[in-house]
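Let's take a walk through a protein model together, one stop at a time. Have the picture open and turn it as you read.

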Amino acid sequence: MHPVLVYTASRIGLFLVTLGVLYLLNLRHPLVLIAVAFVISGIASYVLLSKQRDAMSARISDKIDRPKPEDD
C-alpha cells in the first residue's frame with residue numbers, strides 16, 4: 001500500500017481512538033475534546049508511527065528527487 005495513505009489512515013485512526021477514549025472518560029465539551037485529542041494523538045503518533053513516517057518521507061523524497069523528463 002502507498003506509504004502516504006498508510007500514514008494518513010494511521011494518524012486519523014489514532015485521532016479517532018483518542019477522541020473515543022477521552023469521550024468515555026467524560027471529557028464532553030466538544031472544543032476541548034477535539035483539542036486534547038489532537039494534542040495527545042499527535043504525541044502518540046510521533047512515538048508510535050515513526051516507521052510509517054520514515055517510509056512516507058522516503059517515498060516523497062524519491063518522487064521529488066527523480067529527474068524530470070525534458071520536453072523538446
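**A walk through the helices**

Start with something that isn't there: the structure holds zero aromatic pairs. To count as a pair, rings of Phe, Tyr and Trp (its six-membered ring) need centres within 6.5 Å, and planes under 30 degrees apart are called stacked, over 60 edge-to-face and the rest tilted. One ring does have a charge for company, though: Arg 28 lies over the face of Tyr 23, at 4.0 Å from the ring centre. "Over a ring" here asks for NZ of Lys or CZ of Arg within 6 Å of the ring centre and within 35 degrees of the ring normal.

A word on where this comes from: the model is predicted, so local features need pLDDT of at least 70 and side-chain atom pairs count only at pLDDT 80 or more, while totals for chains, interfaces and linings use all residues. Residues are numbered from 1 along each chain as its sequence is written, and side-chain values use heavy atoms, with hydrogens and water left out.

Now find helix H1, residues 3-24, where Leu 5 sits. Helices are DSSP runs (H or I, at least four residues; strands are E, at least two), numbered from the N terminus. Leu 5 counts as exposed because its relative accessibility is 52%; the cut-offs are over 50% for exposed, under 20% for buried and partly exposed in between, using a 1.4 Å probe and protein chains only. Go 13 residues along the chain from Leu 5 and you reach Thr 18, with 20 Å between the two C-alpha atoms. Thr 18 is also in H1, but at 10% relative accessibility it counts as buried. Leaving out residues up to four places away in sequence, Thr 18 touches Ala 37, Ile 40 and Ser 41, where touching means heavy atoms within 4.5 Å.

Next comes the loop between H1 and H2, home of Asn 26. This residue is not a glycine, yet it has a positive phi of about 70 degrees. Asn 26 is exposed, with a relative accessible area of 55%.

Beyond the loop, look for Ser 45 in helix H2, residues 30-48. Is Ser 45 buried or exposed? It counts as buried because its relative accessibility is 2%. Its side chain reaches the backbone oxygen of Gly 42 at 2.9 Å, and a polar contact of 3.3 Å joins it to the side chain of Arg 11. A polar contact is a pair of N or O atoms within 3.5 Å; within protein, one must be able to donate a hydrogen and the other to accept it, and residues adjacent in sequence count only if both atoms are side-chain atoms. Apart from neighbours within four places in sequence, Ser 45 is in contact with Arg 11, Leu 14, Ser 50 and Arg 53.

Ala 44 belongs to H2 too. With residues up to four places away in sequence set aside, Ala 44 touches Leu 14 and Leu 49. Phe 15 is 29 residues from Ala 44 in sequence, but their C-alpha atoms are 9.3 Å apart in space.

Last stop: how H1 meets helix H3, residues 50-65. The two axes come within 8 Å and cross at roughly 145 degrees; axes are lines fitted to C-alpha atoms, for helices over the stretch in contact, with angles from 0 to 180 degrees between N-to-C directions. On the H1 side, Pro 3, Val 4, Val 6 and Tyr 7 meet a set of H3 residues, among them Gln 52, Ala 55 and Ile 60. Ala 55 is partly exposed, with a relative accessible area of 35%.
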